[in-house]
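Opened a fresh model today and went through it with a few lookups in mind. Jotting things down as I go.

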Amino acid sequence: MSRTPPHPTREQIELPLVLDCLSDPIRLAIVYQLAQQERVSSELCCGDFNGLAGKSNLTYHFAKLRDCGLMQTRVAGTNRFMRLRREDLDARFPGLLDAVLKSAAKDADRLQLVAECDVVEAD
């Protein structure tokens, strides 16, 4: 039995669900952090987001992001690693993710997107 959580296919990703998911500040912060980390490594683990909210709250937000198709989760042992589904999102909605991230970056301080979330750069 696979422990990998279900993910929608590229064709199943729907714009209203993606936009609704991004309307939540914590989920936007998670997506923003994942995008910032893409330059260093493509994945972050759950613990990298502990500064944003409690574990159970984060679990809920990770599931929402996965269910709408914004994020992919990979299970390795007891760890869960997340990454953006940039290729799929860019194929379905060209320029959407970049526009959202650019707008979020302008308001990062006000939205507290990077405030307490400690992301460690990989070697």
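Below are my entries, from the overall layout down to single residues.

**Confidence.** First reminder to myself: this is a predicted model. I checked pLDDT and got an average of 80 for the protein, with 81% of the residues scoring at least 70. Then I looked at residues 115-123, where pLDDT stays under 50. The model still has 17 contacts beyond four places in sequence for that stretch, and I'm noting those with the low score attached.

**Layout.** I counted six helices and three strands. Read from the N terminus on, the order is α-α-β-α-β-β-α-α-α. Of the 123 residues in the protein, 37% are buried. I also pulled the contacts between residues at least 6 apart in sequence, and 72% of those join residues at least 24 apart.

**Helix H2.** How many residues of H2 are buried? I got 10 of the 13, so H2 is largely enclosed by the rest of the structure. My list of the buried ones reads Arg27, Leu28, Ala29, Ile30, Val31, Tyr32, Gln33, Leu34, Ala35 and Gln37. For geometry, I took H2 as residues 25-37 and ran from first C-alpha to last: 18 Å, close to the 18 Å expected at 1.5 Å a residue.

**Asp24.** Next I went to the loop between H1 and H2, where Asp24 lies. What does Asp24 do at the N-terminal end of H2? Asp24 caps that end, with a side-chain oxygen 2.9 Å from the backbone nitrogen of Ile26. I also found the backbone nitrogen of Arg27 at 3.1 Å from a polar atom of the Asp24 side chain.

Then I looked for a charge partner. Asp24 is buried yet has no salt bridge. The nearest side chain of opposite charge belongs to Arg27, 4.3 Å away, and the salt-bridge cut-off is 4 Å. So I have Arg27 down twice for Asp24: a backbone nitrogen at 3.1 Å, and a side chain that makes no salt bridge with Asp24.

**Glu11.** Last lookup, in the segment before helix H1 (15-22), where Glu11 is found. Is Glu11 buried or exposed? Its relative accessibility is 60%, so Glu11 counts as exposed, whereas Asp24 is buried. I also took the C-alpha to C-alpha distance from Glu11 to Leu89: 9.9 Å in space, with their positions 78 residues apart in sequence.

How values were computed:
Residues are numbered from 1 along each chain as its sequence is written. Side-chain values use heavy atoms; hydrogens and water are left out. Helices (H or I, at least four residues) and strands (E, at least two) are DSSP runs, numbered from the N terminus. Buried means under 20% relative accessible area, exposed over 50%, partly exposed in between (1.4 Å probe, protein chains only). pLDDT is the predictor's confidence in each residue, from 0 to 100. Contact means heavy atoms within 4.5 Å. The expected span of a helix is 1.5 Å times one less than its number of residues. A polar contact is a pair of N or O atoms within 3.5 Å; within protein, one must be able to donate a hydrogen and the other to accept it, and residues adjacent in sequence count only if both atoms are side-chain atoms. Lys and Arg count as positive and Asp and Glu as negative; His and the chain ends are not counted.
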